[in-house]
Each structure stands twice: as structure tokens, then as C-alpha cells.
Amino acid sequence: MKNDDMHSYMSECAAEAARLARGVTTEQLTGPTHCPGWDVRTLVNHWVLYTSHGLEHRALRKQLSEELTGRDFTADPDWAEAYAAQLDRAVAAWDDPAVWEGEVDLGMAKMPAAELAPMIIKEMAVHGWDVATATGQEFRVSDGAARLVLDVVDTHGELYRRYDGFADPVPVSDDAPVFERALAHSGRDPRLAQVKLDH
């Protein structure tokens, strides 16, 4: 996939993440999620850290500071707007073709930038769906972006499972929508979203 296409999907998923963040109420932050041991606040803080600050830091070849990794972003009443602004900065940082060249130092290992970027887009999408499902919203994604997410999930699934990032795959039909297959292959049950919306 071309870097320009990936950047387009990054922009799309970032815009959707910002939209969903604005739909999370203060009361929902203490509510449960389907992520074991995580309430909505914990999920949101992880989402904000890695998909906006982490995304920009990877582009700039910088490590995340301890202050950022320990911050409760939701303590700011305007956290959703701050997240949207940080997403814009992160996506803009990846608009430079040179950023997609070379490797990114992750601390314990290095990875080609063009391979890391789609993994962060996957984080935006699947955790965006996690947040949407926990807060009664609907995550919307184009087929193109969904195919990118599915490819990342299938390519790196075993690695994620090794570090407890994914649960075991959930059965899903081969003709299910692309994003539902991506969710299922990452150990998420796509039917959860429908249950939330129905109730």
C-alpha cells in the first residue's frame, strides 16, 4: 500500500477518533468496557496516549516522556478537544514523505516507519471501536481503512497475542464485513456493538 493511501486512512481514523471522544460523557468514564480490567477512563487514556502523542512522537523519532505515560488525560474537562488537536498535530507530522523513510526506535527494538504507521492506525481503529462500544456509540470506517486494519491484525496477530494485546480470535463468517473480520481476528466480538446499540 502506498504511503499516501496510508496517510489518508490515518487522517480518516483520526477524525473518527476525535468524533467519538467528543461523544464520551464524564459519567461514562467510570463505566466498564469489554477490555479485561479496564474501565472507560483507562481505555481512553491508553487510546489518547498512543494514537495521538505516540503517533506524533514516532514521526519525530522521540520517546514518550514519563510525564505523558503517567498522565490522566481525562482529568482535563476539555480532554476530547485536546485529543482532537493532538491528533491533528500527529497526522500533520506524518504528512512529510521523509517521515515514512528509515526506522523508528521503539526503545527495545527498531521498526521501519512504513510498517509502524499502519500498526498505530490499527490502534486508532480497534480502540476507537472499543470506546464506541463501551459508550453506546458507533465506530464508522471506510472499506479501505478496514482492509488496512485487517491486514495489520492478520500480519501481527501472534505478536499482539504474545504480549496480551489480543485475545483468541472470535469466530466470524468469511463474508462478514471487513472491519468485523478485523475485530474478530483481534479477539473482539463484533456483536457487542450491536447489543450496546440495541439497548
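**Exercise 1. Decide whether T33 is buried or exposed in this predicted model, and describe its surroundings.**

Step 1. Begin with the accessible area: T33 has a relative accessibility of 16%, and buried means under 20%, so T33 counts as buried.

Step 2. Next, place the residue along the chain, where T33 is found in the loop that runs between α1 (3-22) and α2 (40-60).

Step 3. Now look at the polar partners of its side chain, which reaches the backbone oxygen of W38 at 2.7 Å and the backbone nitrogen of C35 at 3.0 Å.

Step 4. Finally, list the neighbours: leaving aside residues up to four places away in sequence, T33 touches W38, D39, V40, L43 and A134.

**Exercise 2. Work out why the sulfur atoms of C13 and C35 do not form a bond.**

Step 1. Recall what is being sought, since a disulfide is a covalent bond between the sulfur atoms of two cysteines.

Step 2. Take C13 and find the closest cysteine sulfur, which belongs to C35 and lies 17 Å away; a disulfide needs the two sulfur atoms within 2.5 Å, so this distance is too far for a bond.

Step 3. Repeat the search from C35, for which the closest cysteine sulfur is that of C13, again at 17 Å and too far for a bond.

Step 4. Compare this with the search of the whole structure, which finds zero disulfides.

Step 5. Add the surroundings of the two residues: C13 is buried, with a relative accessible area of 1%, and C35 is buried as well, with a value of 12%.

**Exercise 3. Classify the ring pairs W94 with W100 and F139 with F179.**

Step 1. Start from the search of the whole structure, which finds three aromatic pairs, and take the two tryptophans, whose ring centres are 5.0 Å apart and whose planes meet at 70 degrees. Planes over 60 degrees apart count as edge-to-face, and therefore W94 and W100 form an edge-to-face pair; both residues are buried.

Step 2. Turn to F139 and F179, whose ring centres are 5.3 Å apart with planes at 25 degrees. Planes under 30 degrees apart count as stacked, so this pair is stacked.

Step 3. Locate the two phenylalanines: F139 lies in the loop between α5 (113-134) and α6 (143-162), whereas F179 belongs to helix α7 (residues 178-185), so the pair ties together parts that are 40 residues apart in sequence.

Step 4. Check their accessibility, which is 9% for F139, a buried residue, and 10% for F179, which also counts as buried.

How values were computed:
Residues are numbered from 1 along each chain as its sequence is written. This is a predicted model: local features need pLDDT of at least 70, side-chain atom pairs count only at pLDDT 80 or more; totals for chains, interfaces and linings use all residues. Side-chain values use heavy atoms; hydrogens and water are left out. Rings of Phe, Tyr and Trp (its six-membered ring) pair if their centres lie within 6.5 Å; planes under 30 degrees apart count as stacked, over 60 as edge-to-face and the rest as tilted. Buried means under 20% relative accessible area, exposed over 50%, partly exposed in between (1.4 Å probe, protein chains only). Helices (H or I, at least four residues) and strands (E, at least two) are DSSP runs, numbered from the N terminus. A polar contact is a pair of N or O atoms within 3.5 Å; within protein, one must be able to donate a hydrogen and the other to accept it, and residues adjacent in sequence count only if both atoms are side-chain atoms. Contact means heavy atoms within 4.5 Å.
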